[in-house]
Structure formats: structure tokens, C-alpha cells
Amino acid sequence: MVLKNLKMTLKRSVTGVEVTRLYPEKIMDLPDAERGVHVLDIRKCIGCGACARICPNDCIKLVAYARGNPVKNKKLQYPQIDYGRCMFCGLCVDECPASCLTMSKVFEIAGWNREDIVYDPVDIAVGAYNDQELADLAEEARKAEEEKKRKAAEAAKAKKEKAAKAAGEGEKGSGEKAAKKKAE
Amino acid sequence: MTTANDVLAALQSAFPGVIEEAKVGPERQLWATIKPDRIVDVCKYLRDNHSFDHYTGAVGVDKIDEGLFEVTEMLASHGAHQVVALLKVKTKRDGPSVKSLTGLFWNANWYEREIWEMLGINFEGHPELYPLLLPDELVGVWPWRKDFKGYPDYNTAERAIERLTAEGYTEYSIPPTEAEVKAGTVQKERPKYPTFREREEMEIKGESEMILHMGPQHAVVPGPFLLDILVDGERVKKAFLDVGYIHKGIEKILENRTYMQGIPITDRLCYMASLTNNEAYCGAVERLLGIEAPERAQYIRIILEELSRIQSHLLGTAEFLTLIASAVYSPFLYMIIDREDVLTCIESVTGARINHSFVRFGGVRNDLPDGFKDMTLDTLKMIREKTEEYKELFLSDSIYRKRMEGVGVLSPHDARRLGVSGPPLRASDTPYDMRREDPYLLYKDLDFDVITRKEGDSKARVEVRLDEIFESCYIIEQCLDQIPSGPIMAEGIPKKIKPEPGEAYYRVEDHRGEMGFFVVSDGSDKPVKVKARGPVYAYMQALPPLLEGVYIADVVAIAGSMDACTSEVDR
């Protein structure tokens with residue numbers, strides 16, 4: 001019996017199973033499905049707040065961040081995540097309608113105080129725009145807005161005209177009718 | 001073969017006019033509303049004539065709109081048939097009282113005590129109505145009632161009063177309300193859990209007796225719980241168990257979350273069994289929604305749950321070996337090393353190592369990644385080899401056998417009476433396994449044995465766990481061969497989950513035994529009541545009678561062989 005135990009111990013120690021890693025230098029292989037710190041594709045986010053609503057621990061807040069896409073996200077509000085409360089369940093990722101929120105393999109989030117582990121959009125964003133692109137986008141957004149306003153104005157005008165026409169026709173119609181009646 | 005309809009017909013002919021409402025649900029479930037004064041007779045009739053000898057638990061629901069409390073008693077059978085009887089009793093909201101079933105079923109004790117302390121329903125004839133999970137100060141505020149406003153009451157800040165004791169601790173007390181003073185119904189003495197001194201005075205009779213503490217913080221308990229043993233010399237005369245040190249109020253939290261947000265919370269019942277907890281909860285909500293997961297999703301669930309069973313049994317055995325030989329740590333570490341590989345397999349699908357939150361209503365979160373099959377088959381091969389080795393090493397070890405054989409014997413009759421399930425029950429020669437008994441998912445298509453042992457002692461319980469690892473490996477291999485391609489989520493699942501009003505009970509075979517979720521919906525996006533019926537709750541309740549008459553040195557061997565988890569008991 002003793003020999004058997006000894007044999008197992010020896011086998012275990014000889015057949016090099018790597019158990020202890022040299023941690024900060026050597027990190028274990030993580031799968032693609034890993035649920036670590038979030039990554040926000042700032043070009044896709046529409047600022048709908050679905051992630052904040054589904055969060056069971058209420059750790060996502062929408063805050064202002066200027067380097068986003070003003071065409072898609074007019075108010076420029078992006079999620080800020082408090083990792084002091086996050087339990088990495090991944091419901092926010094499942095819920096995201098624009099598929100812009102994903103989870104990365106990064107898991108090292110230690111900080112010196114609680115504020116350090118509240119990640120603003122700038123900390124989790126990828127694909128932030130540079131100044132030129134931002135200016136272009138702002139221009140595009142402005143144009144889109146103008147276009148929309150123009151269309152709205154046109155529509156309103158058309159509606160008004162239609163209404164006026166209808167009213168005119170109505171008047172006319174009633175006038176005609178009245179005339180007809182008179183004639184009769 | 002008995003069906004739910006047969007039982008209903010028999011009940012109606014034996015008790016005319018007693019059954020107010022009855023329906024036969026899916027999966028051999030019989031739902032019936034019984035007149036409150038006849039519930040004991042009905043249960044006695046079912047137990048004696050239709051072999052409903054397994055008391056599964058009781059659920060208390062606060063129906064505040066109707067001014068009623070509902071207590072649902074759940075009865076099943078140990079293998080004679082597969083019908084689950086869910087018998088409802090209604091009682092008024094003011095002065096609620098229900099007849100106790102402790103006279104019929106020994107293990108009704110804790111379930112009823114919990115309903116009493118949480119909802120304030122009196123159980124007539126219950127032998128010991130004192131708090132189980134709550135501290136003494138919280139008795140009388142009835143935290144599961146729907147009109148409970150928090151403690152201390154944040155809305156009025158009136159109910160609880162802070163007071164410094166002479167020793168410098170803060171104590172809370174609840175002064176009587178004006179209405180109570182006017183009506184003259186002020187409770188003079190609240191039922192209290194006996195203190196250590198009181199217990200000593202009550203129980204110690206002779207010169208040779210003393211009370212020994214094990215816990216709440218002790219090297220040999222798997223979580224904080226207090227085990228006081230009254231010893232006479234070397235023998236244990238009586239054992240007292242006090243739980244509730246880590247009561248988290250998970251069932252109350254679930255009532256305040258949407259159905260979807262509840263999934264990560266159920267992980268926290270017990271991190272070893274997070275996948276099966278997800279499965280039980282999602283299964284119950286799926287029954288309410290009337291949807292079923294597609295075939296591929298069901299296979300993925302089975303694969304991951306069986307992998308999870310392997311890692312749980314490995315850690316359970318490892319912990320047990322540490323407990324019986326407290327100083328020796330190597331078996332623990334050997335099994336932990338093997339378990340890491342299993343966890344890596346699970347992680348490659350779910351993305352987390354212990355708290356998975358993986359199962360969804362009508363499917364699963366992720367599909368299997370590329371190369372999962374090869375990785376899992378390699379791991380299973382390794383696990384098989386290693387488990388063989390462990391069995392050879394310590395199950396045939398003469399010292400181990402001397403220590404374990406014939407220690408803490410649960411006879412089949414006792415095991416059924418005490419209401420345990422899972423490996424401890426199967427070690428007592430009762431082949432009761434939910435995967436075979438009440439086949440959920442696609443277990444009915446799979447080939448596996450239900451492992452049993454005749455002895456019922458500590459060694460048999462560990463052997464059952466180790467043998468189940470082989471069965472799980474076999475099940476996973478079949479699934480990996482059979483798994484079809486296809487979608488992993490059912491179609492037509494609403495974005496916002498709002499089930500129709502109704503109740504559902506769904507039970508699965510946890511690693512430790514029978515895990516059931518009872519979910520009540522009122523048509524809104526949050527459940528009215530979620531009850532988690534855990535397996536370890538039943539083990540823990542059965543511990544004191546099991547410990548009577550053993551040596552002090554065997555207490556740890558018996559308690560450890562149960563593979564308990566305090567987190568799930570306290571919830």
C-alpha cells in the first residue's frame with residue numbers, strides 16, 4: 001500500500017503537470033468566450049441604455065463622451081461600468097441591440113481606490129474617432145439634422161397646403177352645393 | 001403504473017367535497033386545493049395508500065390581492081410511481097394558521113419553520129417554532145410578506161430601534177405598534193433560539209456530560225454553521241444544528257428582479273452547482289412560458305451539467321479527505337489539479353469558471369466552440385484514469401476502511417424518512433435519481449446506470465460519488481456523438497419575458513440531490529415567488545439524528561461524507 005502511494009506521488013511529480021504558473025509573466029490561455037472587462041465599439045453604439053436596464057446589479061450608467069458617433073447616437077451618451085459591483089454575468093452583452101458591447105479576456109482590474117475601477121467610456125472604448133473624422137461626422141449629423149428639419153418643414157408645409165386645399169375645396173364644394181341648392 | 005389522474009380519482013372518491021380545485025399538469029404533476037382542516041388526512045391517505053413517502057418541501061406564497069396566504073405541500077414517491085402531488089392550502093392573511101405535517105413526515109419540520117419565520121403563518125402542532133435562518137430580532141417582521149418595507153423600516157424609520165448593550169454591541173428591537181397596543185396583542189416574549197448557556201442548563205443532566213462547539217468558524221465545516229454536540233465521554237448523545245449565518249435572502253432578491261436578471265442570482269445559491277441551479281430556474285420559467293429548448297441546446301446543457309457534476313464530485317471528495325485527515329493536504333490538491341481541467345472545458349463554452357449564468361429561457365447562451373469535442377474527450381480520459389487511481393488508493397486503503405466502514409450508517413428506511421436525496425440516498429440502496437425518475441432534458445434517450453450501494457455508511461457515500469464520475473463521463477461521450485446541429489435558442493421567445501399567471505415546479509438532479517424551483521407568476525415581468533428547494537437543506541436537517549450515538553472523531557467523517565454546502569442551505 002505504501003509503495004503504491006509512493007509510486008503515485010512520484011508519478012505525479014515526474015510527469016510534468018504544470019500546476020503553478022509564473023503568473024504576471026505567464027497568463028493562462030483564455031477561451032474566446034471569456035467574460036472579462038467590457039469592450040465598447042464606439043462607432044456602433046446607439047446609446048439606447050438597454051445594458052443599463054438589464055444589469056441586475058445596477059452598475060452601468062450612461063454618461064457623456066464626446067468622441068462617439070453623433071449620427072447614430074445623438075445625445076452622445078455611452079455606458080460607464082462600475083467594476084466594483086459588476087459580477088460579469090454578461091446579460092448586458094446579450095441584450096445589446098447594436099452588438100457593440102462585448103467582453104474581452106482582460107481580467108486585471110485592481111485599483112488603489114474604488115473610483116479607479118469605475119471605467120468611463122474612454123477606458124472601454126475602441127475605435128474612437130480622431131478630430132477630423134469627428135468634425136466630418138458632426139457636419140454629417142448637422143446636415144442630416146438639417147435635412148430632417150427641411151423634410152419636416154416640407155411635410156408640414158405640404159400638410160398645411162393639403163389642409164388648406166381641403167378646406168378650400170370644402171368651401172368651394174359647399175359653395176357649389178349651396179349654388180346648386182339655390183338653382184334648384 | 002399510477003398516473004396523476006388515478007391519484008386524483010382516488011382522492012375524490014375517498015374525500016368527497018374536500019378537494020376544491022384540481023388540475024393535472026404536465027409531467028405527471030397533480031395540482032389540488034384542499035380544504036384546510038383536512039390536509040393532514042389527505043396527506044396521510046396519500047402516504048399510506050398511494051406510497052407518497054417523499055415529502056419534498058413546502059412553499060408559502062403571499063397573495064396580497066386576495067388577502068390570502070397559500071401553502072403548497074409537495075409530495076412525491078421514492079420510485080413507486082412518478083406522480084408529484086402539489087397540494088395547496090389557503091389561509092386568511094390576518095391570523096394565518098395551517099395544520100402541521102410534522103406528525104406525518106419527519107422532515108416537514110424545517111420547511112414549516114422557515115415559512116413560519118418568513119411569512120408568519122402559524123403551524124398548528126409544530127413542535128419547535130423558533131427561528132431557523134433569521135436572527136431573533138427579525139422574528140415578527142415577517143420579511144417575505146409583500147407589505148414588508150425593510151428592516152429597519154426605511155419608509156417610516158419607526159419599526160426597529162437601535163440600542164447599545166452593556167457589552168458594547170448594537171442590538172435592534174421592534175417596539176409594538178399603536179394598533180397592537182390598542183388591541184392588546186403585544187407579544188410579551190418572542191420565540192427565541194436558545195443561547196449557549198440556556199442550552200447547557202437545559203440539556204446537561206449528568207457530571208460526565210458537556211457541550212462541544214463545532215463551528216460556526218471551524219476548520220472542519222464546509223461553511224459557517226454551528227454544530228453543538230452534547231457528549232457523554234467519547235459518545236455523542238445529542239446534536240444541535242444552527243444554520244442561517246450566511247442567509248442572503250436570495251428568494252426575496254429574485255422577487256425584485258425581472259425573470260432574466262434572476263439567472264445570475266441563482267448561480268449564487270451554490271457556486272459548485274451553478275449550472276444545475278440555472279437549469280432548474282430556467283426550466284421552471286420555461287414551463288410557465290410554454291416553450292422548450294431545441295435539441296442541440298438540450299444536449300449542450302446535458303454536457304455541461306455532467307461536466308459540472310464531475311468537478312463537484314471531485315471537489316466534494318477532496319474536501320472530505322481534507323476533513324478526515326485535517327493536516328494532510330495532498331489529496332485535496334491532487335483533485336483540485338484534475339478539476340481545473342474540467343473547469344477549463346466548461347469555461348471554453350460559458351466564459352466563466354464557476355458562476356456560469358449560462359442557461360437561458362429556451363436555450364443556452366453560447367454554442368460549443370471549435371475543438372471542444374477533442375478537448376473534452378482528452379479530459380474525460382484523464383479523469384477516468386485519475387479516478388481509478390483514487391479509488392484504488394484510498395478506497396482500498398486499510399486505515400481508511402477502518403475509519404469509514406460502518407460509520408454513520410443510514411438504513412434505507414431511515415434515509416427515506418429523513419428526506420435526503422442524491423448520493424447519500426443512493427448509498428442507502430434506494431435508486432432514486434431525477435434523471436431516471438422524472439427525466440428532464442433528453443436524459444430518457446441516454447444510457448446510464450443509477451449507482452447504488454447497499455451499506456449506507458460514509459464509505460459507500462464517497463464510493464457512489466466516485467462511480468458517478470464514470471457514469472457522467474459515459475453520458476458526455478454519448479452526447480458528443482449524438483449532438484445534432486441546429487439552433488441553440490428556441491424561436492418566438494418574447495424580448496420581454498412576462499409569463500401567463502400560474503405556477504410551475506421543475507426539479508432536476510443536482511450533484512447533491514434533488515433541486516427544484518417553484519415559480520409563481522402573476523403576469524408581470526417579475527415573479528411573485530421563487531422557492532429554491534435545495535438538496536443540502538435536507539441533508540443538514542438529517543444530520544442531528546445521524547450523529548446520535550457516534551464517537552466524536554466520527555462526527556467529521558459523517559458530516560464530511562454528506563458533501564454539504566452552507567450557502568445553499570441558508571440561501
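1. In this predicted model, helix α9 (residues 295–324) of chain B packs against helix α18 (residues 552–561) of chain B at an angle of about 175°, and the two axes lie 9 Å apart. Angles over 145 degrees count as roughly antiparallel, and α9(B) and α18(B) are therefore described as roughly antiparallel to each other.

2. On the α9(B) side of this packing, the residues that meet α18(B) are B:Glu319, B:Phe320, B:Leu323 and B:Ile324, while α18(B) brings B:Val556, B:Ala557, B:Gly560 and B:Ser561 to the contact. By class, the residues of the contact of α9(B) with α18(B) divide into five nonpolar, two polar and one charged.

3. Helix α1 (residues 4–14) of chain B offers a separate case, in which the buried residues are B:Ala4, B:Val7 and B:Leu11. Seen down the axis of α1(B), these buried residues fall within an arc of 65°, so they line one face of the helix. The general background is that an α-helix has 3.6 residues a turn, so residues three or four places apart point the same way.

4. The face of α1(B) that is turned away from the buried side carries exposed residues, namely B:Asn5, B:Ala9 and B:Ser13. As for what covers the buried residues of α1(B), the cover includes the strands β1 (19–25), β2 (29–34) and β5 (84–92) of chain B, together with the helix α2 (39–49) of chain B.

5. Turning to the contact between the chains, 21 residues are taken from chain B and 20 residues from chain A. On the side of chain B that touches chain A, the helices α7 (259–267), α10 (330–350) and α11 (372–395) of chain B each supply at least two residues, and the largest share of that side, six residues, comes from α10(B). Sorted by class, the residues of the side of chain B that touches chain A comprise nine nonpolar, seven polar and five charged.

6. Chain A itself is divided into domain 1 (34–129) and domain 2 (130–163), and the C-alpha centres of domain 1 of chain A and domain 2 of chain A are 30 Å apart. The contact between these domains takes five residues from domain 1 of chain A and eight residues from domain 2 of chain A. On the side of domain 1 of chain A that touches domain 2 of chain A, the residues are three nonpolar, one polar and one charged.

Conventions:
Residues are numbered from 1 along each chain as its sequence is written. Chains are lettered from A and ligands numbered from 1 in the order in which they are written. This is a predicted model: local features need pLDDT of at least 70, side-chain atom pairs count only at pLDDT 80 or more; totals for chains, interfaces and linings use all residues. Domain bounds come from an automatic or database domain assignment. Two residues are in contact if their C-beta atoms, placed from the backbone, lie within 7 Å. Ala, Val, Leu, Ile, Met, Phe, Trp, Tyr, Cys and Pro count as nonpolar, Asp, Glu, Lys and Arg as charged, and the others, Gly among them, as polar. Helices (H or I, at least four residues) and strands (E, at least two) are DSSP runs, numbered from the N terminus. A residue is buried if 20 or more other C-beta atoms lie within 10 Å of its own, exposed if 12 or fewer, and partly exposed in between; C-beta atoms are placed from the backbone. The arc is that of the directions from the helix axis to the C-beta atoms. Axes are lines fitted to C-alpha atoms, for helices over the stretch in contact, and angles run from 0 to 180 degrees between N-to-C directions. Angles under 35 degrees count as roughly parallel, over 145 as roughly antiparallel, 65 to 115 as roughly perpendicular and the rest as oblique.
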